[in-house]
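Got your viewer open? Let's take a walk through this one, one selection at a time.

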Amino acid sequence: MDNSLGLSGMLLRIEKSSIHDGEGLRTVVFLKGCNLHCLWCSTPESHSDRVELGFDSLRCKSCDACIKKCLSKALSRNCDGRIVLEQGRCRLCFQCQQDCPSRALLFYGVKVSVKEVLHEILKDEVFYFHSGGGVTISGGEPLLQAKFTCELLKGCKRNGLDTAMESSFNVPWQIATGVLPYLNTLFIDVKHSDDNIHEQITGTKSAMILENIVRADSSPELFELVLRLPLIPGLNDDEHNLCATAAFAASLTKLKYLEVLPYHRLGSATYTKLGLDYTLTGLPTPTISYVLDKCRLIKSSQPDLPVKCFSKII
Ligand code: SF4
Ligand code: SF4
């Protein structure tokens with residue numbers, strides 16, 4: 001057996017039939033672990049590279065069956081009545097979850113092999129064929145598990161599948177470059193063009209990310225590049241940043257389009273389940289006309305730049 005198929009990685013989840021993460025119908029493989037912490041992140045359960053326990057207090061019937069079931073004494077209640085997991089004690093037997101009568105316990109993350117994920121991906125081969133779709137590796141940050149991601153992409157390629165990866169590219173170039181030969185499309189977020197503001201809103205400077213994008217763009221590999229701008233009102237949607245981002249995107253030779261992703265709050269409930277605070281509580285989601293105005297501003301600064309928003313390229 002090919003040893004690389006036995007390589008294991010930390011998976012968050014696999015979503016089937018996605019239409020938002022590349023061409024056609026796609027299977028999206030979300031990996032766990034991220035080295036950015038964007039204030040608006042909609043998948044806080046992807047931040048840690050370890051298995052985590054989520055607790056849905058709205059579902060919990062306070063029966064304490066989970067606490068009694070746990071032979072490792074890894075579960076207890078804190079003073080707010082929240083179920084708390086002591087990671088160091090947990091043996092990941094999942095008995096507590098199975099005994100919960102109300103599905104109030106959620107485990108985020110599971111160790112899987114490349115072979116297991118490939119097996120799951122190939123179940124939908126016929127849908128990729130008919131829709132022009134394929135596989136997208138996402139996260140978290142797939143390049144924090146670069147060997148696993150690389151072997152998974154190679155396996156997809158061996159089976160003739162279209163491949164894409166969503167990455168922040170916030171890793172040293174030697175790591176970023178390894179996956180490029182196995183990609184059809186590379187999606188990278190550009191969250192702010194100013195290094196200091198980027199650090200304030202994501203926890204990390206942007207210099208390495210931008211440098212990696214430029215190096216990838218001039219590499220001999222044949223993938224297409226999609227830059228994505230998460231549009232967060234008041235944080236990165238001022239005219240100066242929009243025009244700087246547009247100019248950067250327009251300078252790239254492999255660019256397919258710049259995609260504007262309007263701010264949404266879909267992941268905010270997961271913060272509560274993990275016992276975390278959602279920082280942007282007071283920030284309303286932008287209206288369609290607000291977003292379109294911002295797209296027109298981008299377009300007016302770079303008329304030849306393809307800009308995608310709400311599934312349309314303008
Ligand atoms: S998974 Fe097993 S060890 Fe971990 S908290 Fe649940 S019952 Fe305890
Ligand atoms: S078993 Fe489920 S319902 Fe009962 S206390 Fe634990 S989380 Fe709550």
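Two residues are in contact if their C-beta atoms, placed from the backbone, lie within 7 Å. With that in hand, select Leu186: leaving out residues up to four places away in sequence, Leu186 touches Met165, Ala216, Phe223 and Leu225.

Before going on, know that this is a predicted model, where local features need pLDDT of at least 70, side-chain atom pairs count only at pLDDT 80 or more, and totals for chains, interfaces and linings use all residues. Residues are numbered from 1 along each chain as its sequence is written, while chains are lettered from A and ligands numbered from 1 in the order in which they are written.

Next, zoom out to the largest nonpolar core (buried Ala, Val, Leu, Ile, Met, Phe, Trp, Tyr and Cys residues joined through C-beta atoms within 7 Å; buried means 20 or more other C-beta atoms within 10 Å of a residue's own). This core has 62 residues, and Leu186 is among those with the most contacts inside it, as are Val29 and Leu227. Apart from it lies another core of twelve residues, including Leu53 and Cys100.

Now pick Leu11. What stands opposite Leu11 in β2? Leu31 does. In β7, the bridge partner of Leu11 is Val110. Strands here are DSSP E runs of at least two residues, numbered from the N terminus, and two of them pair if DSSP finds at least two bridges between them. Strand β1 (residues 8-18) runs antiparallel to β2 (residues 26-31), with five bridges, and pairs with β7 (residues 110-113) in the antiparallel sense over four.
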